[in-house]
Amino acid sequence: MVVKSPLKRTVRILLVGDSGVGKTSLILSLVSEEFPENVPAKAEEITIPADVTPEQVPTNIVDYSAAEQSEAELNEQIKRASVVCIIYAVDDDESIDRITSHWMPLIRQNHPDTPCPVVLVGNKIDLVDYSTIDGIFEIMEEYSEIETCIECSAKTLKNISEMFYYAQKAVLHPTAPIYSVEKADLTEACKKALVRIFKICDVDSDGLLNDIELNNFQSRCFNAPLQPQVLDDVKAVLRKNLDDGVSHNCVTLKGFLYLHSLFIQRGRNETTWTVLRKFGYNDNLNMSKDYLFPSLKVPSGSTTELSHKGHHFLTHLFDRFDKDQDRALSPTEFEEMFSTCPTPPWGPDVGAMVPTNEKGWITYQGYMCQWALMTLVDLPRTFEYLGYLGYNVYENESQTTAVQVTREKKLDLAKKQSSRNVYQCHVIGPSGSGKSTLCRCFIKTHLDGKSLLSENTTGTPTCTVNTVQVYGQEKILVLRDINVRNVSDPLLPHEVHCDVACLTYDVNNPKSFEYIARIYIKYFAESKIPVLIVACKDDLEEVRQEYLLQPANFCQKYKILPPQKFSVRGHHKRDVFVKLATMAAFPRFQAAWILFYKHSPLRRMVHMLLLRPQPTEWLNIFYRNFRDFGVIVNDTTVWWKAGLSLAAVTALGLLVARVLHTDKIR
């Protein structure tokens, strides 16, 4: 079910007024349904069960007696009250005057921050043949917290039930937050909320609510569709009272607002409040925290990703606002998409993090990558913006169904395969090693190497996010550029912990490799995090590194893959990203790093085998490719064992073939 802002659990009604106006008589008449002959100085507190109240909310009714209670006790009761009923006698002008001279100032004094709803009740109408309502209206205009007024008689029981109903209604469906009696119009806060609701329900984004959209709105808010005749009657009312309330037989925004104003003017506050609460608003017309931030437990070692429902909702949202269907959001389309939110979820720097088109507009791919990043690193923000965008209304479920929690990482390591779709890769290297350019190259594939190199490389740590194909499946890889302030500074735990690490060095700088070698030994040699060393700026001359071991020998010693060459001017720039994603998807399973690598030498070797090159040529290539992947070592003993094994398998195959051939002849 939809997470809704809950109504108050208990309504506490306090009756105050001068002595002799009939406060206690009103309470006793309600309970006994007859006028009491003997009236005590003060009635005991009464609790009315939820099942006998119109709003299905338990209600406490509290009496006040100046003869039995002190001023301090009165102040305490006012502070505790959900609503205060000021009782006056219609035949006593002094009790009416005391409403403004004593009781209203006292109530305001005890509720300085949030106004307390007030209901004015004129008792003893059985004693007069006139009404005091006209005079009371002037008081209501002066005090906005006065919800309504009503005249009744404790003796004849006239309007007794209605009086307590209005008191309860003043708490559950207050007028002041949604309607200005002085202006005879909706409050600005209410208009703002209803405009957001209108936009969410306007599925085709044409600025109108057609019959289907109106029926969906009615069903979501009141669990019942509008009957055709009722729909026609609503439009007839709008046509009669507004020139532009209906357009092309659809309800306009102006008409939608007018209908709610009309509901409130006719005393049907509950209609508007039901709509507002269905869309997540609380009594102050702010989005409820319970609505925006549902609880979801994420175990340690697990991460959060978009579920199929979340992915479907966001895809539908993108298609809805991509008016020109160019698979990118123009500034206008972007603004319209998030017009139901207080602010956009991403800043103007989003183009530096995810794929964009040539104009710098975020593409569908970049849009989904940004949502994936936000869900991974800031889940409450994802919940918040899904709430603003109306996920709860469309799916009729909490935002938690838009997210799935992955299994713990220790299980992935045990199975040597990850079930996740989003991976974090930390890119670590000394200043000037090319790591920032590597990260930017991940998303800005439409720029050439010169453009990438010319961009500013300074700034705080950033992320770049894009999709990568791993064994035919689309995965999202988050490259986090770890800012190295000083080579002597230690890495923090959050800078080390990731799904795969990418250590970069500059092949043209003899002092570059030493830093990542020390980083690997200190932080990754004993960890279970896959590591890929990337030799950046491969288009420059490679120089000998001033370290105990050269990069290739270092990788061989620590049994990690040999350095992956990378240059922004290279033809296979994405190779390194595919390999990083593959290593994250199959941790501790090096065979998969070869077999599932799109442009791997093994795959190219198989392609060459199909073309049937000369035996000597392809055997040399076979050996060279396997050696480059670190699978084959330069140990003659290993080669002898491999040769003997191959000979044994060949002999066994020939023997089996001979036996089968003999059986066939027989």
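The following paragraphs lead through a predicted model of one protein chain, from its overall make-up to its cores, a helix pair, single residues and salt bridges.

The chain has 666 residues, and buried residues make up 50% of them. Its secondary structure comes to 27 helices and 19 strands. Many contacts join parts of the chain that lie far apart in sequence: of the contacts between residues at least 6 apart, 70% join residues at least 24 apart.

The interior is a useful place to begin. In soluble globular proteins, nonpolar side chains tend to be buried together. In this model the largest nonpolar core holds 72 residues. Within that core, the residues with the most contacts are Ile197, Leu276, Phe279, Trp346, Tyr367 and Trp371. Helix H14, which runs over residues 364–377, gives the most to this core, with nine residues. Trp346 shows what the surroundings of one core residue look like. Neighbours within four places in sequence aside, Trp346 is in contact with Phe334, Phe338, Ile362, Tyr367, Gln370, Trp371 and Met374. A second core, separate from the largest one, has 29 residues, including Ile96, Leu120, Val128 and Ile139.

Next comes a pair of helices. Two packed helices are described by the angle between their axes and the distance between the axes. Helix H8 covers residues 228–241 and helix H9 covers residues 253–265; the two pack at an angle of about 100 degrees, and their axes are 11 Å apart. Angles of 65 to 115 degrees count as roughly perpendicular, so H8 and H9 are roughly perpendicular to each other. On the H8 side the residues that meet the partner helix are Val234, Val237, Leu238 and Asn241, while H9 brings Gly255, Tyr258, Leu259 and Leu262. Six residues of this contact are nonpolar and two are polar, with no charged residue among them.

Closer to the start of the chain, helix H1 spans residues 23–32 and contains Leu28. Leu28 counts as partly exposed because its relative accessibility is 23%, and the buried class ends at 20%. Apart from its neighbours within four places in sequence, Leu28 is in contact with Glu33, Glu34, Pro36, Pro40 and Ala43. In sequence Leu28 and Ala154 are 126 residues apart, yet their C-alpha atoms are 8.5 Å apart in space.

Glu33, one of the contacts of Leu28, is found in the loop between H1 and strand E2 (46–48). The backbone of Glu33 has a positive phi, near 60 degrees, in a residue other than glycine. Most residues other than glycine have a negative phi. Asn223 also has a phi near 60 degrees, again a positive value in a residue other than glycine. Asn223 is found in the loop between helix H7 (211–222) and H8. Glu33 is exposed, with a relative accessible area of 62%, and Asn223 is exposed too, with a value of 67%.

Charged residues provide a further set of links. Side chains of opposite charge can pair when their charged atoms come close. A search of the whole structure finds 21 salt bridges. One of them joins Arg98 and Asp18, with the closest N and O atoms 3.1 Å apart. This pair links distant parts of the chain, as Arg98 is in helix H3 (residues 93–110) and Asp18 is in the loop between strand E1 (11–17) and H1, 80 residues apart. Arg98 is partly exposed, with a relative accessible area of 29%, whereas Asp18 counts as buried at 14%.

Another salt bridge brings together the side chains of Lys435 and Asp481, at 2.6 Å from N to O. Here too the pair links distant parts of the chain: Lys435 is in helix H18 (residues 435–441) and Asp481 is in strand E16 (residues 473–481), 46 residues apart. Lys435 is buried, with a relative accessible area of 8%, and Asp481 counts as buried at 7%. Elsewhere, salt bridges that share partners join Arg407, Lys409, Asp412, Arg420 and Asp499 into one network.

The side chains of Arg327 and Asp319 also meet in a salt bridge, at 2.9 Å from N to O. Arg327 counts as partly exposed at 41% relative accessibility, and Asp319 is partly exposed with a relative accessible area of 39%.

Technical notes. Residues numbered from 1 in each chain as written. Heavy atoms only, no water. Helix = DSSP H or I, 4+ residues; strand = E, 2+ residues; numbered from the N terminus. Buried < 20%, exposed > 50% of the residue type's maximum accessible area, 1.4 Å probe, protein only. Contact = heavy atoms within 4.5 Å. Axes fitted to C-alpha atoms, helices over the stretch in contact; angles between N-to-C directions. Parallel < 35°, antiparallel > 145°, perpendicular 65-115°, else oblique. Nonpolar A, V, L, I, M, F, W, Y, C, P; charged D, E, K, R; others polar. Core = buried A, V, L, I, M, F, W, Y, C linked by side-chain atoms within 4.5 Å. Salt bridge = Lys/Arg side-chain N within 4 Å of Asp/Glu carboxyl O.
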